[in-house]
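Welcome to the tour! Open your viewer, and let's go looking for pockets together.

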Amino acid sequence: MTVALDADFFRRWMSAVSAAVDREADQLTELDSAIGDADHGANMRRGLTAAVASLEEEAPSSPGAVLALAGRRLISTVGGASGPLYGTLLRRTGKALGAEDSVDPGRLREALRAGVEAVAQLGSAARGDKTMLDALYPAVEALGDSGDDFGAARRAAEEGAAATVPMRARRGRASYLGERSVGHQDPGATSSALLFAALADTAGTVATGESA
Ligand code: ADP
Ligand code: MG
């Protein structure tokens, strides 16, 4: 199955992430209160609400422009570390998608790979540091060669987030806790799982022809 993913698909994906973060904001904040400063839910909610509002106002016409605009809004509205990190993920992914009207899933996968690398570089972080990267890397890999195994990516992101529980944080605020960061799920890895769950949901409505 080859699907062309257009700007509308990417707008709906961002709306779905925003809705999921709204629903899960309290849980994200609770996780961040255990190993951070209890603002991850509020940070993500503020950034994504602003991103979705800008997407509705400006209606960018290409997938790349949708992600670039959403990324800029996250950077400009979120004070915490997650703003620049998620903003970079979306901007870099958008840049890699270029200016075409639509992209295939294989192209999206490659673009996401570049986006995740940019996050690792910005945060000087690697897999196993107990950050969002522990959900993002496995999710992008699980998309598969053709890039359209969205269900597998969703599961890999969820498993990646769960796998942060026994890790000791080596980056971000949680790293200040040292050994005491063990035993808690990383908030950013948890929101990254929401990003991929929303992608799978959005792709599901394309495959079955439903409208969102
Ligand atoms: P802050 O830590 O500034 O309060 P948030 O609470 O919104 O920002 O986001 C925290 C999340 O950001 C962490 O759970 C982690 O996943 C991610 N994070 C923090 N620092 C880094 C880093 N250097 N590299 C990658 N991800 C990071
Ligand atoms: Mg925080």
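Which residues lie nearest the centre of the second largest pocket? Select Ala20, Arg23, Ala193, Leu194 and Ala197, and you have found them. Keep in mind as you look around that this is a predicted model.

**Stop one: the second largest pocket**

Widen your selection to the whole lining, which is made up of 18 residues. The space inside is about 230 Å³. Next, colour the helices H1, H7 (150-162) and H8, since each of them supplies at least two residues of this lining. H1 gives the largest share, with 7 residues. Now try colouring by residue class: in the lining of the second largest pocket you should find 10 nonpolar, 3 polar and 5 charged residues.

**Stop two: the largest pocket**

Now select Ala81, Ser82, Leu85, Gly172 and Arg173, the residues that lie nearest the centre of the largest pocket. This pocket has a volume of about 570 Å³, and 28 residues line it.

Which helices each supply at least two residues of this lining? Highlight H1 (7-35), H2 (40-58), H4 (82-97), H5 (105-122) and H8 (187-207) to see them. Look at H4 in particular: the largest share of the lining, 3 residues, comes from this helix. Keep the class colours on, and the lining of the largest pocket divides into 12 nonpolar, 9 polar and 7 charged residues.

**Last stop: two familiar helices**

Finish by showing H1 and H8 on their own. Both supply at least two residues to the lining of the largest pocket, and both do so for the second largest pocket too.

Note on methods:
Residues numbered from 1 in each chain as written. Chains lettered and ligands numbered in written order. Predicted model: local features only at pLDDT ≥ 70, side-chain atom pairs only at ≥ 80, totals over all residues. Heavy atoms only, no water. 1 Å grid on protein atoms, 1.4 Å probe; cavity = no way out; pocket = protein on both sides within 12 Å on 5 of 7 lines; lining within 4 Å. Points joined across faces, edges and corners; volume = space filled by probe spheres on them. Helix = DSSP H or I, 4+ residues; strand = E, 2+ residues; numbered from the N terminus. Nonpolar A, V, L, I, M, F, W, Y, C, P; charged D, E, K, R; others polar.
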